[in-house]
Amino acid sequence: PAPPTMSTVAVILQALASQAAHVAEVLPGAATASSFVPYFDYTGPLAVTGSVMPILSYYEGTKLKFAFEGLDPQCAEGRGESPISCGMHIHQGTSCDEPAGDLFVGEGVDNPWLDVFYTATPDGRASGLASIVTGLSTEDVIGRVFAIHDYAGTAIACSIIGEMPAIAHATGFVPYAGYTGNLTTANGGAYPITSDGTNTKFTFDVVGADPMCKDGPAEGVAVSCGLHLHVGTTCEEIAGGLYFAGETNPWLTVSYATQGGDACTAESVVSEPASCYLTGEFETVATGLSAEDILGKVFILHDIQGTPYACATVAPDLGRAPLSASGFVPYFNYDTAAEGALAVSGMVSPVITQAIGVTNSEVMLKGMPAQSFSYGLTGVDPTCADGPTDAPNSCGIHMHAGTSCETEGLGHYFSPAAGADPWVDVVYTATAEGTATGTVTGVATGFPAAELIGHAVVIHDRTGARVAFFFFFFGLFSA
């Protein structure tokens, strides 16, 4: 299909904004595999933890991002003789209590899974991105087995692929309705927040927290130093009770201890909010709530006396949605009639946004949005088989600030908070036939995914000239 126009994207984004509670029930087109268990007949010592998130499978391509611990450390030395040594695959099976069956591919597609494997660290960790042609949709892979193999090719871990729950956030705290105390500088938030119908999980990173909570909650004081979801839907009114389904309130044991040591005082929290901060994660708050249930509810911080002092509304985190760029066209002033002119096609997808650690003190939250992506291109400069030259942008694949196919693409696109230009070292290596595939991780642009929509992805030749470009869209809408 033809790529969507910018006006189409505007309509799409407007619809997403006005119907956020509906679009965020499941991340569009995405699946996940987590909570790994030992393969049904495995009795060895390895115990894999981690996740494959997201799994995107559309337009016949399957793309996945993985992070594991507990893998076979022998896979740090490369693969063994078995064709599935150190492998990780989707199988036809639908249960972890029986054999997983054959590797899963679409009809008429050559099996690509034998080329999908991990390289472990000596302590058994591995992470990365993979992109292959399977002929499968996301709907096809949901409910199937994702299996992980050791160095010998033995299946050691199993998970059933499920829909990826919505990612939500509660950020941009404001003083609680009617609050008159001195804790009015709280900022940051809880992100990401997920809720799968059983457990609500969230990571929090807040500045301006109550200095009296440095030792944790006060004994016998309900909701002292608490951070909770409430039934209310606006920060301009009283939030109501704690929000959960079922008979047992899981929030009464969810509390924080303010960090900052001696530098965190009743005076400093007003003049320098970052002196009193809190970070952490709650993985299993048994709320019984779904992703849709929590959207629009309020997230509240309580002080040492249990008084609510800061409030934020839970919203869908479209800033982390996977993106894609495809349907490349010649750069607006590129001479397509010249001898040897290039005609780039292919896809940059999925583009996954996550937070990485930063040291920039001007960034209030302790994480910098960064992008990781896979690409598969044809028609690129075959002389990039020898790698880039010293020319700026040689063999580059970059995001630019431009938003039009008819004018200059402008410079590389990144936030001033990111510091140095993160795109200068992002390059592709071509084959002699002018194809290029690969994965790029941790480009710290400082922008969430939503800020990238409509900005140009530019492909450069070996001289650094701009030869093709297209724009980022949510993965669901890519051509």
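A disulfide is here a pair of cysteine sulfur atoms within 2.5 Å, and the exercises below begin from that criterion. The structure is a predicted model, in which local features need pLDDT of at least 70 and side-chain atom pairs count only at pLDDT 80 or more, while totals for chains, interfaces and linings use all residues. Residues are numbered from 1 along each chain as its sequence is written, and side-chain values use heavy atoms, with hydrogens and water left out.

**Exercise 1. Establish how many disulfides the structure holds and in what order the cysteines pair.**

Step 1. A search of the whole structure returns 6 disulfides.

Step 2. If the bonded cysteines of the protein are numbered in sequence order, the pairing reads 1-2, 3-4, 5-6, 7-10, 8-9, 11-12.

**Exercise 2. Describe the geometry and setting of the disulfides Cys 96 to Cys 158, Cys 264 to Cys 276 and Cys 384 to Cys 395.**

Helices (H or I, at least four residues) and strands (E, at least two) are DSSP runs, numbered from the N terminus; a residue is buried under 20% relative accessible area, exposed over 50% and partly exposed in between (1.4 Å probe, protein chains only).

Step 1. The sulfur atoms of Cys 96 and Cys 158 are 2.0 Å apart, and with -85° about the S-S bond this link is left-handed. The pair links distant parts of the chain, 62 residues apart, with Cys 96 in the loop between strand E5 (88-91) and strand E6 (126-133) and Cys 158 in strand E8 (residues 155-160). Both Cys 96 and Cys 158 are buried.

Step 2. For Cys 264 and Cys 276 the S to S distance is 2.1 Å, and the torsion about the bond is about 110°, so this disulfide is right-handed. Cys 264 sits in the loop between strand E14 (227-230) and helix H4 (268-271), and Cys 276 in the loop between H4 and strand E15 (277-285), so the pair ties together parts that are 12 residues apart in sequence. Cys 264 and Cys 276 are buried as well.

Step 3. Cys 384 and Cys 395 are joined at an S to S distance of 2.0 Å; their torsion of about -95° is why the disulfide is left-handed. Cys 384 and Cys 395 both lie in the loop between strand E22 (368-378) and strand E23 (397-399), 11 residues apart, and both are buried.

**Exercise 3. Work out which strands pair with E8, and whether E8 is enclosed or open.**

Two strands pair if DSSP finds at least two bridges between them.

Step 1. Strand E2 (residues 37-38) pairs with E8 in the antiparallel sense over 2 bridges, and the bridge partner of Pro 38 in E8 is Ala 157.

Step 2. Strand E7 (residues 145-149) also pairs with E8 in the antiparallel sense, over 5 bridges, with Ala 147 having Cys 158 as its bridge partner. E7 and E8 form a hairpin with 5 residues between them, and Gly 153 in the turn has a positive phi of about 95°.

Step 3. Because 5 of the 6 residues of E8 are buried, this strand is largely enclosed by the rest of the structure.

**Exercise 4. Place Thr 200 in its strand and sheet, and characterise its surroundings.**

Step 1. Thr 200 lies in strand E13 (residues 200-207), and E13 belongs to an open sheet of 5 strands with antiparallel pairing, in the order E15-E13-E12-E10-E18. The edge strands are E15 and strand E18 (315-316), each of which pairs on one side only. Strand E10 (residues 168-171) pairs with E18 over 2 bridges in the antiparallel sense, and His 169 stands opposite Ala 315 in E18.

Step 2. The relative accessibility of Thr 200 is 0%, so this residue counts as buried.

Step 3. A contact requires heavy atoms within 4.5 Å. Leaving aside neighbours within four places in sequence, the contacts of Thr 200 include Ile 193, Leu 229, Phe 282, Val 285 and Leu 289.

Step 4. The side chains of Thr 200 and Ser 195 are joined by a polar contact of 2.6 Å. Such a contact is a pair of N or O atoms within 3.5 Å; within protein, one must be able to donate a hydrogen and the other to accept it, and residues adjacent in sequence count only if both atoms are side-chain atoms.

Step 5. Thr 200 and Ser 290 are 90 residues apart in sequence, yet 8.1 Å apart in space, C-alpha to C-alpha.
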